[in-house]
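Biologist: Hi, I'd like to walk through this model with you. Could you take a look and help me find my way around?

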Amino acid sequence: MKTYSIALVPGDGIGPAVTDAAWQVVETVARGSGFVVEGARLPWSCDHYLETGAMMPDDGIAVLREHDAILLGAVGWPAKVPDSISLHGLLLPIRKAFRQYANIRPHRLLPGVEGPLRKSEFDILCVRENTEGEYSGAGGRVHQGSEDEVAVETAIFTRKGVERILRFGFEQARRRRGKLASVTKSNAQRHSMVFWDEVARDLAREYADVEVTSYHIDAIAARMVMAPETLDVVVASNLFGDVLTDLGAAIQGGLGFAASANLNPDRTTPSMFEPVHGSAPDIAHLGVANPIAAIWSGAMMLDHLGQTDAADRVMGAIETVTARGIGTIPGKHKTDEITRAVLAALD
Ligand SMILES: NC(=O)c1ccc[n+]([C@@H]2O[C@H](COP(=O)([O-])OP(=O)(O)OC[C@H]3O[C@@H](n4cnc5c(N)ncnc54)[C@H](O)[C@@H]3O)[C@@H](O)[C@H]2O)c1
């Protein structure tokens with residue numbers, strides 16, 4: 001029987017509770033679909049940092065490499081460990097080491113979920129560049145603390161990086177409704193974004209079946225609020241994608257519903273699946289974290305592993321549950337209740 005080995009990194013705060021929920025659903029759907037998932041639970045977190053001085057052990061990347069995929073909860077506990085340590089000690093090294101260059105996030109309203117917009121008919125897939133651009137880390141500071149202080153943060157756009165993320169966006173559009181929105185700011189950023197537009201134009205010739213439109217970041221932010229139904233796949237640089245996907249999470253009803261995948265599309269290394277939300281220290285241990293974003297991320301993992309029927313069954317179960325008003329209002333249902341309802345809907 002086909003067996004998948006999954007690294008589970010529950011992390012901090014509500015991370016363990018939502019990862020447990022997602023894992024129960026993944027195990028259950030696997031049993032009913034004729035394949036096996038084996039989970040290896042890794043305790044890498046801020047507590048681990050306080051105990052050992054590192055967010056993950058020196059051979060952490062080598063350990064993860066042995067698995068087919070990574071399911072992550074949330075990382076961060078700012079009261080005990082600075083976010084710069086938790087982020088740079090765990091999440092970012094994984095994304096970089098495994099060349100998970102495509103961060104994808106679906107934005108649509110689940111049945112029964114009321115978003116802040118008057119519109120409810122939208123289905124957007126945001127594709128964010130995940131390894132370079134404005135977050136490349138290149139730069140420095142001089143004359144610190146003096147009135148002559150200078151800070152420089154250099155955005156790095158490589159042909160390889162830009163081409164592969166745009167190509168990934170075109171491929172996704174081809175599989176969906178055939179529309180690609182390429183996010184730019186070439187009126188103000190006359191080097192990097194003009195380059196981005198050129199590469200998009202070159203690739204468009206290969207994808208004559210995809211309708212590609214270039215939008216400035218400010219214009220598309222407004223469009224996501226005013227006319228989200230006009231968008232299909234949105235492809236953006238690291239910073240622009242970061243901002244747009246928070247907007248996407250907001251219009252789909254909040255962080256409890258926002259799922260994501262960090263993909264290595266060439267599949268030579270494991271990809272990582274995680275809810276968009278963080279560790280939510282304010283509600284950790286109250287048992288009220290919404291597990292739907294994590295369960296949806298689990299469905300994205302199954303889809304990536306090629307188990308599309310199982311992924312569809314999980315999405316169907318989530319939608320059955322939210323249509324009944326379970327998990328749609330913050331705090332009304334406990335994490336366990338929502339999880340049990342999804343498990344029951346799988347039957
Ligand atoms: N990928 C990640 O692991 C990730 C992402 C974002 C933030 N973080 C980290 O998480 C910590 C807390 O960050 P934050 O407070 O800015 O963001 P957060 O996402 O943890 O929480 C923001 C707000 O949303 C609520 N919320 C989040 N997820 C929820 C859920 N599933 N159900 C119900 N309510 C939910 C929280 O209670 C909080 O009020 C920080 O250390 C931050 O660095 C980690």
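Biologist: Let's begin with β4. How many of its seven residues are buried?

Modeller: Happy to help, and keep in mind that this is a predicted model. Six of the seven residues in β4 are buried, so the strand is mostly covered, going by a cut-off of under 20% relative accessible area.

Biologist: Which strand is joined to β4 by seven bridges?

Modeller: That is β5, residues 123–129, which runs antiparallel to β4 at residues 102–108. Two places to look at are Asn 103, opposite Arg 128 in β5, and Pro 106, opposite Leu 125 in β5.

Biologist: And how many bridges join β4 to β11?

Modeller: Three, and that pairing is antiparallel as well. For example, Ala 102 of β4 has Leu 263 in β11 as its bridge partner.

Biologist: Zooming out, what is the order of the strands in the sheet?

Modeller: The sheet is open and has 10 strands, in the order β2-β1-β3-β12-β11-β4-β5-β10-β8-β9, with mixed pairing. The edges are β2 (36–41) and β9 (211–216); each has a single partner strand, so one side of each has no neighbour in the sheet. Ignoring direction, neighbouring strands are turned against each other by 25° on average.

Biologist: Which helices lie on that sheet, then?

Modeller: Two to look at are α4 and α5. Helix α4, residues 83–97, lies across β1 (3–11), β3 (69–74), β4, β11 (259–263) and β12 (271–275), and runs at about 140° to β12. Helix α5, residues 159–175, packs on the sheet too, touching β4, β5, β8 (179–184), β9, β10 (233–236) and β11. The direction of α5 makes about 165° with that of β5.

Biologist: Let me pick a residue in α4. Is Ser 86 buried or exposed?

Modeller: Ser 86, which is found in α4, is buried, with a relative accessible area of 2%. Setting aside neighbours within four places in sequence, Ser 86 is in contact with Cys 46, Met 55, Val 75, Gly 76, Val 81 and Leu 91.

Biologist: There's a cysteine in that list. How many disulfides turn up in the whole structure?

Modeller: Zero, after a search of the whole structure. Cys 46 is buried at a relative accessible area of 0%, and Cys 126 is buried too, at 3%.

Biologist: Switching to rings: how many aromatic pairs are there?

Modeller: The structure holds three. One of them is Tyr 4 with Phe 35: the ring centres are 5.7 Å apart and the planes stand at 85°, so this pair is edge-to-face.

Biologist: Where in the chain do Tyr 4 and Phe 35 sit?

Modeller: Tyr 4 is in strand β1, while Phe 35 is in the loop between α1 (15–33) and β2; they are 31 residues apart, and the pair links distant parts of the chain. Tyr 4 counts as buried, with 7% relative accessibility, and Phe 35 is buried with 2%.

Biologist: What kind of pair do Phe 170 and Tyr 207 make?

Modeller: A stacked one, because the planes are at 20°, with the ring centres 4.8 Å apart. This pair also links distant parts of the chain: Phe 170 belongs to helix α5 and Tyr 207 to the loop between α6 (192–206) and β9, 37 residues apart. Phe 170 counts as buried at 0% relative accessibility, and so does Tyr 207 at 3%.

Biologist: What about Ala 204, which residues is it in contact with?

Modeller: Ala 204 lies in helix α6. Not counting neighbours within four places in sequence, Ala 204 is in contact with Phe 170 and Val 212. The C-alpha atoms of Ala 204 and Leu 166 are separated by 9.6 Å, with their positions 38 residues apart along the chain.

Biologist: Last one: what does the domain assignment give?

Modeller: It gives two entries: domain 1 covers 1–100 + 263–347, and domain 2 covers 116–251. Taken over C-alpha atoms, the centres of domain 1 and domain 2 are separated by 26 Å.

Definitions and conventions:
Residues are numbered from 1 along each chain as its sequence is written. This is a predicted model: local features need pLDDT of at least 70, side-chain atom pairs count only at pLDDT 80 or more; totals for chains, interfaces and linings use all residues. Side-chain values use heavy atoms; hydrogens and water are left out. Two strands pair if DSSP finds at least two bridges between them. Helices (H or I, at least four residues) and strands (E, at least two) are DSSP runs, numbered from the N terminus. Axes are lines fitted to C-alpha atoms, for helices over the stretch in contact, and angles run from 0 to 180 degrees between N-to-C directions. Contact means heavy atoms within 4.5 Å. Rings of Phe, Tyr and Trp (its six-membered ring) pair if their centres lie within 6.5 Å; planes under 30 degrees apart count as stacked, over 60 as edge-to-face and the rest as tilted. Buried means under 20% relative accessible area, exposed over 50%, partly exposed in between (1.4 Å probe, protein chains only). Domain bounds come from an automatic or database domain assignment. A disulfide is a pair of cysteine sulfur atoms within 2.5 Å.
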